[in-house]
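Please work through the exercises below with the sequence and the structure side by side. Try each task before reading its solution.

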Amino acid sequence: MDGPILSVNDLKTTFQTANGIVRVVDGVSYALRRGETLGIVGESGSGKSAASLSLMRLVPEPGLIEGSITFDGTDLLSLSASEMRKIRGRRMAMIFQDPTASLNPYLKVSTQLTEITRLHRGYGRVEARSHAVEMLRTVGIPDPERRIDDHPHEFSGGMRQRVMIAMALSCGPELLIADEPTTALDVTIQAQVLDLIRELKERSGTSVILVTHDLGVVAGMADNVIVMYAGRVFEQASTRDLFARAANPYSIGLLKSMPDPAREISGPLYQIPGLPPDAANLPIGCPFAERCYRAEEICRREAPPFIEVAPEHYSLCHFAADVYAGHTPAPEFGL
Amino acid sequence: MTTDQEPLISIRGLTVSYSSGRGLIGKRHTVKAVDGVSLDIAEGETLGLVGESGCGKSTLGRAVLRLTEPTGGEVLFRGRNLAELSNSAMRAERKGLQMIFQDPYGSLNPRMTVRQIIEEPIRAFRLAGCSDIGARVRELLETVGLASGHLDRYPSEFSGGQRQRIGIARALAVEPEFIVADEPISALDVSIQAQIINLLKRLQAEKGLTYLFISHDLRAVRHVADRAAVMYLGRIVEIASGREVYSDPLMPYTKALISAVPLPDPNAEARRQRIVLKGDLPSPIDPPTGCPFHTRCPYAINDCRYVVPQLVEIKPKHHAACIRINPENPDIDTNAKAESGATSIFEHGSSGSNGSIRIDPSKSA
Ligand SMILES: Nc1ncnc2c1ncn2[C@@H]1O[C@H](COP(=O)(O)OP(=O)(O)O)[C@@H](O)[C@H]1O
Ligand SMILES: Nc1ncnc2c1ncn2[C@@H]1O[C@H](COP(=O)(O)OP(=O)(O)O)[C@@H](O)[C@H]1O
Ligand code: SF4
Ligand SMILES: [Mg+2]
Ligand SMILES: [Mg+2]
């Protein structure tokens with residue numbers, strides 16, 4: 001029971017895109033301890049969802065997942081499809097930004113919630129229903145005995161998100177993968193949903209992977225963080241270390257471009273110039289070089305190394321140590 | 001920005017009702033999406049408008065531009081009442097009043113190239129001769145930070161942030177004075193949000209633009225807006241400078257909104273006191289009586305269910321609508337402690353049919 005709940009090694013995922021087969025996750029490794037929350041951040045298109053879907057082996061054909069994913073001692077990539085189905089939804093569950101991705105609009109919530117526990121836990125009809133009502137109550141749906149027979153569209157956005165969480169949690173998974181669960185929600189409802197995830201963790205010790213593009217969400221939720229860019233891990237650290245002393249120009253850019261309401265800002269916000277590169281046409285060298293304030297000639301020529309700048313604190317950068325030491329601070333407003 | 005001069009935009013008692021056929025027993029319902037809003041916006045100012053989805057921000061923004069017909073109240077643009085203008089006069093006026101939308105995907109015609117999208121308003125208002133129009137389009141594109149190589153591409157070939165730049169270029173094409181920016185950054189990554197905020201601020205400085213900046217993100221409003229108005233169920237419940245609304249909020253609702261904002265600092269996050277609001281925004285079809293916030297307010301007392309609070313100047317240039325605070329006692333926490341145990345603090349005016357009391361919101365602020 002002491003080993004990590006999940007360990008991912010050199011994960012590489014390819015997708016079939018309009019531009020042919022594209023590698024959208026390129027060498028991601030991490031370990032998640034039991035009861036821990038790992039935040040995965042990065043701009044859109046950096047491969048966060050692809051990396052998360054890979055864990056569930058939900059990558060559409062002819063996409064490919066390489067490397068190794070070990071869940072509680074089991075190598076997931078060597079399982080048969082039916083063995084994988086037994087783990088998915090029961091021991092590992094996923095929630096999405098868009099609840100319609102996992103809720104069927106034509107079926108009552110009660111049908112969808114009871115189906116899983118009847119399948120995975122062998123519950124009878126009555127038992128499954130009372131369990132489902134309990135789950136809805138747990139996630140804060142008022143009047144669950146009545147609401148359980150509603151269809152998904154009869155719930156507001158925030159409530160629908162809760163229904164999806166109830167469904168993901170109904171078999172008591174050991175690992176919850178939440179892919180931008182609050183991105184489409186108001187801050188007030190976001191706070192409720194994040195509170196709910198915190199509470200569940202405390203109560204049942206669930207391990208969580210929380211994907212978000214909002215570093216503010218990471219700051220309040222995650223123990224450790226992975227910063228992704230162009231399918232790669234650009235920085236990996238404890239949340240505290242990352243915020244206290246980031247070691248990668250990209251992470252620094254993300255941190256600085258977020259307005260901190262607690263501080264007075266005069267003048268423009270820090271901005272990272274340009275856009276993330278197209279996964280199908282990555283430049284040689286560092287994929288961030290074109291947008292980077294620290295870049296030198298070598299960055300456009302050679303892929304950067306992954307350097308341990310401090311214990312358990314890694315940065316993918318030719319100048320990781322220099323950036324970590326603060327020798328070349330980012331320009332005040334970005335490039 | 002000075003406050004003594006005549007405001008560029010003056011909104012007085014603006015009300016917008018939608019009638020919706022959907023109801024429990026098939027009855028026609030009216031949704032008061034905007035309920036007696038009064039606001040002034042000075043020339044060159046950015047007024048931020050925040051509130052949860054469904055509180056009426058977009059409706060208010062559209063009604064100010066008369067893209068949605070108000071059911072009551074008026075909007076003055078440089079002192080002229082927009083509602084009294086004929087359709088053709090309004091069309092001419094619309095040139096000065098533009099809108100930028102949240103959804104950079106839905107708001108651009110997918111079958112038009114960038115060039116056509118930006119040319120359209122220039123042609124419609126005959127703002128450039130045929131020979132100048134190409135130069136004008138290129139200039140606009142450059143202003144918003146796009147390359148002229150992008151001119152003959154279609155919206156689908158751009159990222160969200162780039163599409164937002166195209167929408168901004170289109171709005172700027174007619175040289176407006178006033179822009180309603182309706183959640184212009186909500187659909188974008190944080191890094192791209194910073195780019196768009198900086199662009200909007202630079203354009204404002206260069207062209208003296210006036211903005212109504214709508215957002216559900218207080219972090220952005222705090223940074224962008226000179227003054228911020230907080231909206232709840234169709235009403236403005238607090239208004240002050242952007243800084244003061246954030247650092248010294250008076251309304252329990254505003255406090256709750258702020259406490260829900262994620263802070264980019266793990267230490268601050270670990271220390272902070274959260275006020276997590278229960279439940280969703282109530283349905284505007286059947287809004288709560290009295291203070292619209294009383295169903296979720298941790299400080300609500302019995303009177304809050306009956307009395308409609310007025311927007312009152314509690315501190316200099318800081319207005320709030322809550323019966324538990326007043327200029328002498330602006331801090332609701334202190335008041336709540338002092339009054340605990342007290343019963344009704346309010347003498348009832350007239351009683352409504354169900355025993356509740358409604359007091360007409362008079363025009364204020
Ligand atoms: N279903 C898909 N088919 C093909 N390409 C995809 C698919 N989903 C994502 N991609 C591409 O894979 C890359 C990574 O995307 P994604 O994992 O969704 O990033 P993120 O979640 O960080 O926004 C992007 O370049 C994206 O365009
Ligand atoms: N065209 C419409 N017809 C009927 N109801 C509408 C219409 N547009 C908005 N509403 C309702 O008016 C209220 C305010 O909506 P909106 O102005 O879009 O709020 P916000 O922009 O703050 O999210 C909501 O309850 C919404 O459902
Ligand atoms: S390797 Fe070079 S381009 Fe990449 S992040 Fe480091 S300094 Fe910037
Ligand atoms: Mg994603
Ligand atoms: Mg809106």
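The exercises that follow go from a ligand site to a covered helix, and then to single residues and backbone angles.

This is a predicted model, in which local features need pLDDT of at least 70 and side-chain atom pairs count only at pLDDT 80 or more, while totals for chains, interfaces and linings use all residues. Residues are numbered from 1 along each chain as its sequence is written, chains are lettered from A and ligands numbered from 1 in the order in which they are written, and side-chain values use heavy atoms, with hydrogens and water left out.

**Exercise 1. Describe the surroundings of ligand 3 and the space that this ligand takes.**

Step one is to list the residues that have a heavy atom within 4 Å of the ligand. Around ligand 3 these are A:Pro249, A:Cys286, A:Phe288, A:Ala289, A:Cys292, A:Arg294, A:Ala295, A:Cys299, A:Pro304, A:Cys317, A:His318 and A:Phe319.

Step two is to sort them by class, where Ala, Val, Leu, Ile, Met, Phe, Trp, Tyr, Cys and Pro count as nonpolar, Asp, Glu, Lys and Arg as charged, and the others, Gly among them, as polar. The shell around ligand 3 then has ten nonpolar residues, one polar and one charged.

Step three is to look for cavities, each a set of points on a 1 Å grid over the protein atoms alone where a 1.4 Å probe fits but cannot get out, with lining residues having an atom within 4 Å of a point. The whole structure has six cavities of 30 Å³ or more, and the second largest cavity holds about 90 Å³ of space. It is lined by 15 residues, of which A:Pro249, A:Cys286, A:Cys292, A:Cys299 and A:Cys317 are the closest to its centre. By class, this lining divides into twelve nonpolar, two polar and one charged. The second largest cavity is the space taken by ligand 3, where a molecule sits in a cavity if more than half of its atoms lie within 2 Å of the grid points.

**Exercise 2. What covers the buried residues of H9(B)?**

Begin with the chain as a whole, taking helices (H or I, at least four residues) and strands (E, at least two) as DSSP runs numbered from the N terminus. Chain B has eleven helices and twelve strands. Of its 365 residues, 54% are buried, where buried means under 20% relative accessible area, exposed over 50%, and partly exposed in between, with a 1.4 Å probe and protein chains only.

Next, turn to helix H9 of chain B, residues 252-260, in which nine of nine residues are buried. Among them are B:Tyr253, B:Ala256 and B:Leu257.

Finally, find the cover by contact, meaning heavy atoms within 4.5 Å. The cover includes H7 of chain A, together with helices H7 (218-224), H8 (242-247) and H11 (332-339) and strands E9 (227-232) and E10 (235-241) of chain B.

**Exercise 3. Where is B:Leu277 found, and which residues is B:Leu277 in contact with?**

First, place B:Leu277 in the loop between H10 and E11 of chain B. With a relative accessible area of 4%, B:Leu277 is buried. Leaving aside neighbours within four places in sequence, B:Leu277 is in contact with A:Thr188, A:Gln192, B:Tyr253, B:Ala256, B:Phe293 and B:Arg296.

Then compare A:Arg198, which is found in helix H7 (residues 187-204) of chain A. A:Arg198 is partly exposed, at a relative accessible area of 22%, and its contacts, neighbours within four places again left aside, are A:Gly220, A:Met221, B:Glu269 and B:Arg274.

Last, take B:His294, in the loop between helix H10 (266-271) and strand E11 (312-315) of chain B. B:His294 is buried, with a relative accessible area of 15%.

**Exercise 4. Examine the backbone at A:Glu180, B:Lys317 and A:Pro62.**

Start from the general expectation that most residues other than glycine have a negative phi and that most peptide bonds are trans.

A:Glu180 has a positive phi, near 50°, and lies in the loop between strand E7 (175-179) and H7 of chain A. B:Lys317, which is not a glycine, has a positive phi of about 55° and is found in the loop between E11 and strand E12 (318-320) of chain B. A:Glu180 is buried, with a relative accessible area of 10%, whereas B:Lys317 counts as exposed at 58% relative accessibility.

For the peptide bond, A:Glu61 and A:Pro62 are joined in cis, with omega about 0°. A:Pro62 has its place in the loop between helix H1 (48-55) and strand E4 (64-71) of chain A.

Terms used
1 Å grid on protein atoms, 1.4 Å probe; cavity = no way out; pocket = protein on both sides within 12 Å on 5 of 7 lines; lining within 4 Å. Points joined across faces, edges and corners; volume = space filled by probe spheres on them.
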